[in-house]
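Here is a quick tour of a protein chain, with an eye on its cysteines and its surface. Have a look at the model first, then read on.

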Amino acid sequence: MKRKILFGAVVLFLAWAATSCEDNCGFCKTVTYENGVVINESAETEYCGTDLIAQKAKPDITVGSLVTKVECR
């Protein structure tokens with residue numbers, strides 16, 4: 001029984017370790033500006049890999065004096 005628990009713990013640890021190795025991650029949020037002043041921003045969300053690339057590639061959207069863009073750090 002102890003061997004099964006130990007085996008399960010090792011498998012869980014290896015699964016966690018394999019997914020935490022992604023080094024291409026960042027946090028992005030959507031920010032809306034009116035005449036250069038921030039009027040609204042969303043909560044930051046973590047993106048990794050191709051999802052991060054897709055977020056960074058999104059173009060700015062301009063409607064009148066409002067500009068909405070995705071900002072990543």
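What follows covers the disulfides and then a patch on the surface.

Keep in mind that this is a predicted model.

**Disulfides**

Let's start with the cross-links. A disulfide is a covalent bond between the sulfur atoms of two cysteines. There are two disulfides in this structure. Counting bonded cysteines along the chain, they pair up in the pattern 1-3, 2-4.

Take Cys25 and Cys48, whose sulfur atoms sit 2.0 Å apart in a disulfide. This pair ties together distant parts of the chain, with Cys25 in strand E1 (residues 25-34) and Cys48 in strand E3 (residues 45-48), 23 residues apart. The torsion about the S-S bond of Cys25 and Cys48 comes out at about 110°, so this disulfide is right-handed.

The other link runs from Cys28 to Cys72, again with an S to S distance of 2.0 Å. Here too, distant parts of the chain are linked: Cys28 belongs to strand E1 and Cys72 to strand E5 (residues 66-72), with their positions 44 residues apart. The S-S bond of Cys28 and Cys72 has a torsion of 105°, and the link is right-handed. Strand E1 therefore holds a cysteine of each pair, Cys25 and Cys28.

How buried or exposed are these cysteines? The table goes through them one at a time.

| Cysteine | Relative accessible area | Class |
|---|---|---|
| Cys25 | 30% | partly exposed |
| Cys48 | 22% | partly exposed |
| Cys28 | 3% | buried |
| Cys72 | 30% | partly exposed |

Since buried means under 20% relative accessible area, Cys28 gets that label because its value is 3%. Cys48, at 22%, counts as partly exposed.

**A nonpolar patch**

Now for the surface. Which residues form the nonpolar patch there? They are Val37, Ile39, Ile61, Val63 and Leu66, and together they offer about 440 Å² of accessible area. Two elements give two or more residues each to this patch: strand E2 (37-41) and strand E4 (61-63).

Val37 is worth a closer look. This valine is found in strand E2. Its relative accessibility is 51%, so Val37 counts as exposed, given that the class takes in values over 50%.

**Pulling it together**

To recap, the model has two disulfides, in a 1-3, 2-4 pattern, and a nonpolar surface patch that includes Val37 and Leu66.

Notes: Residues numbered from 1 in each chain as written. Predicted model: local features only at pLDDT ≥ 70, side-chain atom pairs only at ≥ 80, totals over all residues. Heavy atoms only, no water. Patch = residues over 30% accessible without salt bridge, like charges linked within 9 Å, V, L, I, M, F, W, Y side chains within 5 Å. Areas by Shrake-Rupley, 256 points an atom, 1.4 Å probe, with all protein chains shown as cover. Salt bridge = Lys/Arg side-chain N within 4 Å of Asp/Glu carboxyl O. Helix = DSSP H or I, 4+ residues; strand = E, 2+ residues; numbered from the N terminus. Buried < 20%, exposed > 50% of the residue type's maximum accessible area, 1.4 Å probe, protein only. Disulfide = S-S within 2.5 Å.
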